[in-house]
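Subject: Structure handover

Hello,

Please find the structure below. My notes on it follow.

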Amino acid sequence: MSEIRYVLNADRRRPGEGADLSFVSREEAERARAYHRTFPEYRPTPLVPLPNLARDLGVSRVFVKDESHRFGLNAFKVLGASYAIGRYLAWRLGEDISEITPGRLAAPDVRERLGEITFVAATDGNHGRAVAWAAQQLGQKAVIYMPKGSDPIRLANIRAHGADASITDLNYDDAVRLADRMAREHGWVVVQDTAWPGYEDIPTWIMQGYATLAVEALEQLREHGAEGPTHLFLQAGVGSFAGGVAGFIASALGERMPAIVIVEPDRADCFYRSAEAGDGRPHAVTGDLNTLMAGLACGEPNPIGWEILRDYACAYFSCPDWVAANGMRILAAPLQGDPRVVSGESGAVTCGLLERILGSPGLADARDALGLDEGSTVLLVSTEGDTSPRTYREVVWYGRCPGALDRP
Ligand SMILES: Cc1ncc(COP(=O)(O)O)c(C=O)c1O
């Protein structure tokens, strides 16, 4: 059975002493949340306490922010796509985002001013569904390219929002390049959740959009009597999600910033490898990126997310698929008295890892290095529900990707 590996950050910075956090300041995050609030579908997603799991693992508290309830789309991704499209259209109209609502953008006079726009993205599914949904809400078009091996159900869910979607024979990073090329050829607008030189505005807005869930989580933690987490586990594909959330949390909590732990699949562990290289630069992983964690199958870090995670994360973990599968099972069959969370492959890996760090004698050094103990309050984000129902059943019902129990 393959191993969990990790690298600690020997050069972790304090907020203000590393990468610039102003684009995910509290003010920017509140601006994004204010825009999200104008959608009729907006509701904060639940923050689920798991007190019995916490007791079993020997920490004070474990909370899971359950993004399967986000806008009825089963994943957090719409926070980014909707905000980036809103900001882009506000820019085209010469207005501030605070003056924009989805209803106004869809109104006939505004649509006439904007003309017909086609948004294009490359995605394993969740981001594409989000772009397709946001475009549909505004009466605009979307074209979505998916990497090879994508689940046909995820394709169907994107098409259900009227998008022209297809599964290519490319990996994620090459599908992104295809989206960019097609946009140039056809005059489409790329809404990609990663940045590259000269393409930074939209990914920045996407990261700001993701901060909405962190604003909610801090408020919800306070309702539970916690000023903030001591430990925050964030899964990373290109690192826009982790960068946006970690950046906001570092900016908002300052000296009380939690220990931030970055978690990736071992087949697409570009942050782990970049941290291991130790030269301060992002390093890519190439090839098929063939992992159960479809949403995290990205080989090239978003440079904006990289700078934040390079400076403010305290550890980077590279996890085999069975860790994600274990996380799905732990959340699906909770200890008695804890609520159940339906969490998909990319949503559950942090829970699977937390259980291993606290439960496996082989990872005791990691537990000590992270300072995880009976005083810890751990925040996890289940970024998706059962977005592939078949995979969910294979893992949870039929035991696909088994782990081995090595604690008493
Ligand atoms: C469910 C889920 N979780 C996490 C992520 C990771 O986000 P990012 O690629 O910004 O690191 C994704 C990305 O698609 C996802 O779909």
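Let me start at the ligand. One of its oxygen atoms lies 3.2 Å from an N or O atom in the side chain of Lys77. Keep in mind that this is a predicted model.

The backbone takes part too. A polar backbone atom of Val238 is 3.0 Å from an oxygen atom of the ligand. For Gly295, a backbone N or O atom sits 3.3 Å from a ligand oxygen. How much of the ligand does the protein bury? The ligand taken alone exposes 390 Å², and the protein buries 98% of that.

Now the surroundings. The ligand takes up the space of the largest pocket. It is surrounded by 15 residues. Asn126, Gly237, Gly239, Phe241 and Thr383 are the closest of these. By class, the shell consists of 5 nonpolar, 7 polar and 3 charged residues.

Next, some individual residues away from that list.

**Ser318**

Ser318 belongs to strand β10, which covers residues 315-319. Is Ser318 buried or exposed? Its relative accessible area is 0%, so Ser318 is buried; the cut-off for buried is under 20%. The side chain of Ser318 has a polar contact with a partner side chain, that of Asp269, at 2.8 Å.

**Two positive phi values**

Asn74 has a phi near 70°. That is a positive value in a residue other than glycine. Where is Asn74 placed? Look in the loop between β3 (61-66) and α3 (78-93). Asn74 has 17% relative accessibility, so it counts as buried, the cut-off being under 20%.

Cys401 also has a positive phi, near 55°, and is likewise a residue other than glycine. Cys401 is in the segment after α16 (389-396).

**Loop residues and their C-alpha distances**

Val285 is in the loop between α11 (270-277) and α12 (303-312). Its relative accessibility is 8%, and Val285 therefore counts as buried. How far apart in space are Val285 and Gly299? Their C-alpha atoms are 4.5 Å apart, with the two positions 14 residues apart in sequence terms.

Ile117 is in the loop between α5 (108-114) and β4 (118-122). With 3% relative accessibility, Ile117 counts as buried. Ile117 and Gln140 are 23 residues apart in sequence. In space, the C-alpha to C-alpha distance for Ile117 and Gln140 is 5.7 Å.

Gly375 is in the loop between α15 (364-370) and β11 (377-382). Is Gly375 buried, exposed or partly exposed? At 49% relative accessibility, Gly375 counts as partly exposed, because exposed means over 50% and buried means under 20%. Gly375 and Val396 are 21 residues apart in sequence. Their C-alpha atoms are 31 Å apart in space.

**Tyr392**

Tyr392 is in helix α16. Its relative accessibility is 6%, so Tyr392 counts as buried. Along the chain, Tyr392 and Ala332 are 60 residues apart. A distance of 9.9 Å separates their C-alpha atoms.

**For quick reference**

- Ligand to the Lys77 side chain: 3.2 Å, from a ligand oxygen to an N or O atom.
- Ligand to the Val238 backbone: 3.0 Å, from a ligand oxygen to a polar atom.
- Ligand to the Gly295 backbone: 3.3 Å, from a ligand oxygen to an N or O atom.
- Ser318 to Asp269: a polar contact between side chains at 2.8 Å.
- Asn74: phi near 70°.
- Cys401: phi near 55°.

Best regards

Note on methods:
Residues numbered from 1 in each chain as written. Predicted model: local features only at pLDDT ≥ 70, side-chain atom pairs only at ≥ 80, totals over all residues. Heavy atoms only, no water. Near = heavy atom within 4 Å. Polar contact = N/O pair within 3.5 Å; in protein donor to acceptor, adjacent residues only side chain to side chain. Areas by Shrake-Rupley, 256 points an atom, 1.4 Å probe, with all protein chains shown as cover. 1 Å grid on protein atoms, 1.4 Å probe; cavity = no way out; pocket = protein on both sides within 12 Å on 5 of 7 lines; lining within 4 Å. Sits in = over half its atoms within 2 Å of the grid points. Nonpolar A, V, L, I, M, F, W, Y, C, P; charged D, E, K, R; others polar. Helix = DSSP H or I, 4+ residues; strand = E, 2+ residues; numbered from the N terminus. Buried < 20%, exposed > 50% of the residue type's maximum accessible area, 1.4 Å probe, protein only.
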